[in-house]
Amino acid sequence: MANFPIEKLRKIETPFYYYDVELLKATLNELKTEADKYGFLPHYAVKANANEKVLAIIAATGIGADCVSGNEVLACVKAGFPADKIVFAGVGKTDKEINAALDANIFCFNAESIPELEVINELAAKKGKIAHVELRVNPNVDAHTHSYITTGLNENKFGFSMDDLEKVVDMIAKMSNVELIGLHFHIGSQITDLGCFEPLSERINALQDQLEAKGVKLKNINVGGGLGIDYENPDGNPIPNFKKYFEIYAKCLKLRDGQKLHCEPGRSVVAQCGSLITKVTYVKKGKEKQFAIVDAGMTDLIRPALYQAYHKIENITSSKPAEKYDIVGPICESSDVFQKDCSIAAAERGDLLALRSAGAYGEIMASRYNLRELPKGYLSTEI
Ligand code: LLP
């Protein structure tokens with residue numbers, strides 16, 4: 001079990017997110033060290049966790065940011081990410097968001113369709129600017145992950161198909177206010193079979209050959225995010241295997257002279273440092289089952305309800321022998337279950353439970369359904 005400062009946690013109103021700053025910094029350090037070995041450039045995927053205090057810690061490392069909304073771009077600028085390291089992706093960027101990003105002078109737009117390119121060109125022209133774009137390409141590689149977070153297949157809505165690419169490159173050459181600076185890929189999230197990044201690298205190599213034959217030279221290749229984490233054993237594997245991840249790209253991807261490799265890690269940066277802390281409201285004994293009813297619900301952490309995701313749960317205030325519970329929230333939905341038949345130290349009203357590995361896609365995906373308060377996030381260094 002991780003070392004939680006129980007007495008301090010007891011003073012905070014539950015449910016809330018708790019972020020272990022030491023682990024976050026150690027993770028960032030590992031990411032940077034391994035990326036620096038090859039001159040690779042990470043952009044933290046802000047969608048995983050945009051808590052202001054967490055963002056400020058990540059920005060302080062000097063890495064870039066990957067945003068998917070105008071508000072994320074603004075939050076990153078505010079948190080101290082240099083604008084020239086911000087990339088902006090998404091299939092449905094609105095005019096307002098594109099204008100905000102143009103005003104902020106971001107590094108580039110990761111564009112996903114021809115109509116979007118036309119709008120970027122038009123809006124950049126009105127401002128007398130040249131917008132840098134990378135084309136998001138759908139490489140049709142299966143990431144062997146949950147279907148809701150697989151993105152690189154032909155059936156998904158993301159990116160240009162490989163077949164259309166040459167046509168799109170020709171179109172951009174005729175646009176006066178858009179400059180093509182690279183290609184962007186992302187095949188999915190929570191990828192634990194790192195072998196999936198090899199076929200991706202091979203597709204990129206083939207595409208580069210094809211484009212080079214047409215005289216197209218690209219300054220950047222962006223491979224997106226996706227590196228998975230160990231939800232089963234957060235204490236055994238607190239830091240993802242960035243070394244192996246970057247080694248695969250260094251080995252398989254044929255970067256051209258002067259070409260930069262960018263990546264967009266989200267979950268792998270923030271997941272393990274965060275826990276959702278919740279209090280047991282009632283222990284309800286049924287005929288065959290017992291329920292630990294906690295004060296957090298699917299509104300605070302939606303991953304189990306939405307993706308059948310597993311989060312390790314621990315009773316951090318009891319050392320009694322383990323018992324089995326269905327751990328459920330208070331929301332009026334039968335999917336509001338964190339885990340069935342979960343073995344934790346015998347629980348009683350008032351105990352604190354930690355839902356581990358919840359730093360990514362946890363706090364940021366919270367909702368106010370049932371008019372509940374949004375959960376707050378606290379750093380280990382501020383309590
Ligand atoms: N780049 C792009 C273009 C993306 O779409 C994503 C995630 C990332 C980077 C970051 O991927 P990561 O390194 O975090 O795997 N809410 C879901 C995950 C959705 C991921 C969406 N895209 C979950 O809770 O599992």
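Is C76 buried or exposed? I looked this up in a predicted model. C76 has 0% relative accessibility, so I entered this cysteine as buried.

**Cysteines**

I searched the whole structure for disulfides and found 0. C76 is in none; its nearest cysteine sulfur belongs to C67 and is 3.7 Å away. A disulfide would need the two sulfur atoms within 2.5 Å, so I left C76 unpaired. I then checked C108, which is also in no disulfide. For C108 the nearest cysteine sulfur is again that of C67, at 11 Å. C108 counts as buried because its relative accessibility is 0%.

**Ligand shell**

Next I listed what surrounds the ligand and got 19 residues. The closest are S189, E264, R303, Y307 and Y361. By class, I noted 6 nonpolar, 7 polar and 6 charged residues in the shell.

**Polar contacts to the ligand**

I looked up three residues here. R303 places a polar side-chain atom 2.6 Å from an oxygen atom of the ligand. R267 uses its backbone instead: an N or O atom there lies 2.8 Å from a ligand oxygen atom. For D66, a polar side-chain atom is 3.4 Å from a nitrogen atom of the ligand. I also recorded the cover: of the 600 Å² of accessible area that the ligand has on its own, the protein covers 92%.

**Domains**

Where does the ligand lie with respect to domain 1 and domain 2? I took domain 1 as 6-15 + 273-379 and domain 2 as 21-270. Both give residues to the shell, so I placed the ligand between them.

Notes: Residues are numbered from 1 along each chain as its sequence is written. This is a predicted model: local features need pLDDT of at least 70, side-chain atom pairs count only at pLDDT 80 or more; totals for chains, interfaces and linings use all residues. Side-chain values use heavy atoms; hydrogens and water are left out. A residue is near a molecule or strand if one of its heavy atoms lies within 4 Å of it. A polar contact is a pair of N or O atoms within 3.5 Å; within protein, one must be able to donate a hydrogen and the other to accept it, and residues adjacent in sequence count only if both atoms are side-chain atoms. Accessible areas come from the Shrake-Rupley method with a 1.4 Å probe; for residues, only the protein chains shown count as cover. Ala, Val, Leu, Ile, Met, Phe, Trp, Tyr, Cys and Pro count as nonpolar, Asp, Glu, Lys and Arg as charged, and the others, Gly among them, as polar. Domain bounds come from an automatic or database domain assignment. Buried means under 20% relative accessible area, exposed over 50%, partly exposed in between (1.4 Å probe, protein chains only).
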